[in-house]
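Got the viewer open? Let's take a walk along some cysteines, one selection at a time.

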Amino acid sequence: GLFVTDYFTRTPRKLSPFRSFASIELFHFHIPEDTVIAVWNLITFKEQGGTFGDQCPDRSITVYFRSGAPSVINPLHTHFPRDTAVPGSFALTLTWTLPNRTTGVFNVTSPLPGDWFLAAHLPKDEGKISVKGLYEECQYLFQPQLIVQRLVSIAVLYPGHVTEQSMAPHNRSCLYKVFVPSYTSRVLVEVLRCRGAEGCPLWLRVRAKAPPLHNSTTLDCREHSPCQLAQDLPFWQHWYYVLVEKHPGVPGTISFQVTVQLTDCSRPSLARPPFLPSSASMNMPHSFGAAGGLALGDSPPSTSPNDTKYPVPIPVTSHARDQCWPVRPTLRNELDTFSVHFYIFFGPNVSVPPDRPAVFVINLLPVLDSGGVLNLELRLNVSSLCGENVTVFGCLNHEVPLTSSDNTSVTCETESLAGFLLSVNATASLSRLRIPYPQTGSWYLSLRSLCATEHGFEPCTNVTAEVYLRAYLSPCINDCGIYGQCKLLRTNNYLYAACECKAGWNGWGCTDNAEAFSYGFQLLSTLLLCLSNVMFVPPVAIAVRSHYLLEAAVYIFTMFFSTFYHACDQPGIVVFCIMEYDVLQFCDFLGSLMSVWVTVIAMARLQPIVKQASVLYLLGAMLLSMALQMDRHGLWNLLGPSLFALGIMAVAWTARTIRRRHCYPPTWKRWAFYLCPGALIAAAAVLLYAFVETEENYFYIHSIWHLLIAGSVGFLLPPRAKPSRRLGPLPRRKGCGYQLCVNEQEELGLVDPAVASINSICTS
């Protein structure tokens, strides 16, 4: 056959350590129909500072694959919320083969068509809080590439018609497909008139949505006569693929006929009409393949009188009436992104008769609805049971309704179908089901009422149960509770939602409290972070006593907003916000940097040198506001103004040193008891903030940071400046007199300078 190869790639993305699903990188692919093989090439490489990160440690990378919707992953083995169904996915761990690069390959034979999702992440780290820009971090970049190979012009089988095929000696198999419309209860594939070898050495395989595999439903035509393969309860609105495969070692050409019969359960007394229907009448896609048979590795056969198709009789199955019931639609009401309610006509109370099930359909839109949570709630009206021991069972299945014919053991699964079971009775009148990241398409809910007896469940008589049914789509499970935040995330054009937990809570809905912080711990951490700002009271008092009123105002501003910012920034329930979080954060950061700025400018003592030194305070406020608006967590955006202030202080001190011809400040007491201790305390605070602080020790390390910074300000703030003054000349006495000359007083760096000394005596 003719194969076409398609190639898809995605932009490399930086991977993050796993904390929640909000920290993973999600990639979206689309696999076309008739794909026989899909190969994912998984490329991972390291970077550090714009170059290859050969020195970066090897960290394992986990990749998850799932068809139809993103994977519901749980690498930390946390507990899921109650009534939550966890769909399965496939995981792959990549190991490093080169110092800075590794490549993995993941093959899928005959993959399901449609949307495929890849999720990748790094292992969970120790939670260290790194300062942005302090050093070059190791980055792990991940880039998936997809190569698909698909068949074109696959032969289409029409129900009720025969397709003749000859399989040449060099061909091993022939592939066909047939479209199954809605309300089809059975698909029957049959191989007729097998000639060319003894015993019809053929395998017959059938699979939905994609070409069959070795483990698909299989029948050996050599052991079964007639060679018929039936599929009960097939998927509606999908292609079914039929593979006729020759046994190995069979020589010569084998000719046979293939026919497909579909049972229409909406008309149990009739089968699909034996004439060639149009695409519209069968609700089939208009893009069909070739009309004749196609052998893999061979070209489509030419049309000839021997290929004429003719109708065959279609037997009517007796079980069709039991498998098909009227399906009630639901009304879709979109409120917001992933906020959709499905209303039932003449609902929400639903009557479940005793003789037949009530079937409803919930349609989820492709791509748009797979990033949320499908919620289902059943509530039984006990008063409607009339004292009978009635149990209402609900089966939720994807793409085909399922009603169990066995009364003793009610399940929602068959050999080829798997569903979700709900049940309500007089004792447990409420049942819920949550499906995170559901597959899109049609979901069918079948409700059935049975009465419990000594021999199991039996159909009820003259009891119609009433059930309240609620179905809706939400972004997260219970909005992530009080210890989580539901985040709306985007990868390219695909939207999905995930919970980000706090205060030690984990899990898909932030309901796992194995590592949760207690209320006392949350209260203690909040009090430590808030009350540690009281350490700014001594610097305020020193500033007021030394007549540094502007500096005192800045320290009060910092103390106020740092206290209430940390009261609002807590991850638990001990939270108090007087303003919006963003406003409090900006004011806290601005106050902290302004405290450093005004302290350093005050230490520079610029008033005798620069007449308008107050301009620098205003300049610092403007520069720091600009830097915070650009990047509040960037190191150099915040460190630049501080270094600029230190440069001004260094220039001022150097000018004084040159003019006085000795070091400034001149006294060793100022250096030993104030400047050196203050500088050491400030350096210790910076080291704790940059290298020691983690998420686990944040509440007490950051409190120590508050204490040290406020304490260093108390040491570094200079004493009160003495005003410049000159003593006037003494009144001259008669005769010989003296004039006392006092130079301008320059601050000697003493906390409490003594009375001005006499520097010189001038004789008149």
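Start by selecting Cys-510: at 4% relative accessibility it counts as buried (buried means under 20% relative accessible area, exposed over 50%, and partly exposed in between, with a 1.4 Å probe and protein chains only). Before moving on, keep in mind that this is a predicted model, where local features need pLDDT of at least 70, side-chain atom pairs count only at pLDDT 80 or more, and totals for chains, interfaces and linings use all residues. Residues are numbered from 1 along each chain as its sequence is written, and side-chain values use heavy atoms, with hydrogens and water left out.

Now add Cys-501 to the selection. A disulfide ties Cys-501 to Cys-510, with 2.0 Å from S to S (a disulfide here is a pair of cysteine sulfur atoms within 2.5 Å). Look along the S-S bond of Cys-501 and Cys-510: the torsion is -95 degrees and the link is left-handed. Cys-501 is buried too, because its relative accessible area is 18%.

Next stop: select Cys-476 and Cys-486. These two form a disulfide with their sulfur atoms 2.0 Å apart. Which way does the link of Cys-476 and Cys-486 turn, right-handed or left-handed? The torsion about the S-S bond is about 75 degrees, so this disulfide is right-handed. The pair links distant parts of the chain, 10 residues apart: Cys-476 sits in the loop between β32 (465-474) and β33 (484-491), while Cys-486 belongs to strand β33. Strands (E, at least two residues) are DSSP runs, numbered from the N terminus. Switch on a surface and check the two ends: Cys-476 is buried at a relative accessible area of 5%, whereas Cys-486, at 23%, is partly exposed.

Now jump to Cys-194 and Cys-200. A disulfide joins them, and its S to S distance is 2.5 Å. The torsion about the S-S bond of Cys-194 and Cys-200 is about 95 degrees, so the disulfide is right-handed. As for the surroundings, Cys-194 counts as partly exposed because its relative accessibility is 22%, and Cys-200 counts as buried because its value is 12%.

Two single picks to finish. Select Cys-174, which is buried with a relative accessible area of 0%. Then select Cys-587, also buried, with a relative accessible area of 12%.

How many disulfides does the structure hold? There are 9 of them, including the link of Cys-194 and Cys-200.

Definitions and conventions. Helix = DSSP H or I, 4+ residues; strand = E, 2+ residues; numbered from the N terminus.
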